[in-house]
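Got your viewer open and a selection box ready? Let's take a walk through this one, stop by stop.

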Amino acid sequence: MKIVAAKSILRANDQLAEENRRALDAAGVLCVNLVGSPGAGKTTLLEVLFARLPDGVRPAVIEGDIAGVIDAERMQRIGVPVVQINTEGACHLDANMIAAALGQFDLATIDLLVVENVGNLVCTAGFDIGERVRLLALSTAEGDDKAVKYPAIFQGSDALVITKCDLQPMMNFDRARIRQDLARLNPQAEVFEVAALRGEGIDPLVAWLLDRRGARGSRGR
Ligand code: MG
Ligand code: ZN
């Protein structure tokens, strides 16, 4: 019987992630790993966020889904270059998949590459894909207890984007509670509160992301 230890798989992933990060840095591309549950509003957030980017900041997207091309089609519709990864069952993206997808782009024509990860709060936390920024989207509809239940993804993210804040009056979601839990797990993390379909709260997130371009090099994983 042959047994492969999960630790050695993760080590190999980390090496590939470092290669991705070097290639992206060399091309001047800020890579963002957008994680969150299915239905957190990740794709809608991107649609609205890309519309608010200043002229001259050229976005591109890698869409990670178990199956289908629905989100990639939405990106195409707004004119953003996109590569779809279908994981065929795998519940997260890894650095190897990203390396293959990067080969489909001309990195010289991209400033901001967002990887929309497979909807999942669990193992996406364990896989570095070579990003400089990890953004976690959590909707008010999911509940304010998620940081306690899924601490790793809150610990490993650079910012929490609370989405669907316009639904909060109908939800039992306490923003102060999630902020407190996040501050305990990850005091450096930024928090943004958005209602993407209303276009609310997007501009501070755009400004923060563009600042991360300047800060590139300060963060490795
Ligand atoms: Mg999506
Ligand atoms: Zn997984």
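Below is a route with a few selections to make at each stop.

**Before you click**

This is a predicted model, where local features need pLDDT of at least 70, side-chain atom pairs count only at pLDDT 80 or more, and totals for chains, interfaces and linings use all residues. Residues are numbered from 1 along each chain as its sequence is written, chains are lettered from A and ligands numbered from 1 in the order in which they are written, and side-chain values use heavy atoms, with hydrogens and water left out.

**Stop 1: the magnesium ion**

Select ligand 1, the magnesium ion, and show what holds it: T43 (OG1), D71 (OD) and E116 (OE) are its protein donors, at 2.0 to 2.1 Å. Donors here are N, O and S atoms within 2.8 Å of the metal (3.2 Å for Na, K and Ca), and water is not among the atoms, so sites may look incomplete. Along the sequence, the spacing of the donor residues reads T-x27-D-x44-E. T43 and E116 link distant parts of the chain: T43 belongs to helix 2 (residues 42–51) and E116 to strand 4 (residues 112–116), 73 residues apart. Helices (H or I, at least four residues) and strands (E, at least two) are DSSP runs numbered from the N terminus.

Now colour by accessibility. T43 is buried at a relative accessible area of 7%, and E116 is buried at 4%. The scale: buried is under 20% relative accessible area, exposed is over 50%, and partly exposed is in between (1.4 Å probe, protein chains only).

**Stop 2: strand 1**

Select residues 30–36, which make up strand 1. Which residues cover its two faces? L30, V32, L34 and G36 sit on one side, C31, N33 and V35 on the other, and all are buried. In a regular strand the side chains alternate between the two faces of the sheet.

Add strand 4 to the selection: strand 1 pairs with strand 4 in the parallel sense over five bridges. Pairing requires that DSSP finds at least two bridges between the strands. N33 makes a handy anchor, with V115 as its bridge partner in strand 4 and R134 as its partner in strand 5.

**Stop 3: strand 5**

Moving over to strand 5 (133–139), you'll find that strand 1 pairs with it too, parallel and over five bridges. Another pair to pick out there is V35 with L136. Strand 5 is also joined by five bridges to strand 6 (residues 159–163), again running parallel, and L135 has A159 as its bridge partner.

Why is strand 5 largely enclosed by the rest of the structure? Because seven of its seven residues are buried. V133, L135, A137 and S139 line up on one side, with R134, L136 and L138 on the other.

**Stop 4: T140**

Follow the chain out of strand 5 into the loop leading to helix 5 (146–149), and select T140. T140 counts as buried, at 1% relative accessibility. A polar atom of the T140 side chain lies 2.7 Å from the backbone oxygen of K164. Expand the selection by contact (heavy atoms within 4.5 Å), skipping residues up to four places away in sequence, and you get I162, T163, K164, C165, L167, Q168, M171 and F173.

**Stop 5: T87**

Finally, jump to T87, in the loop between strand 3 (82–86) and helix 4 (95–102). T87 is buried too, at 11% relative accessibility. Its side chain reaches the backbone oxygen of A90 at 2.6 Å. Beyond four places in sequence, T87 is in contact with D65, I66, H92, L93, M97 and V118.

Terms used: Polar contact = N/O pair within 3.5 Å; in protein donor to acceptor, adjacent residues only side chain to side chain.
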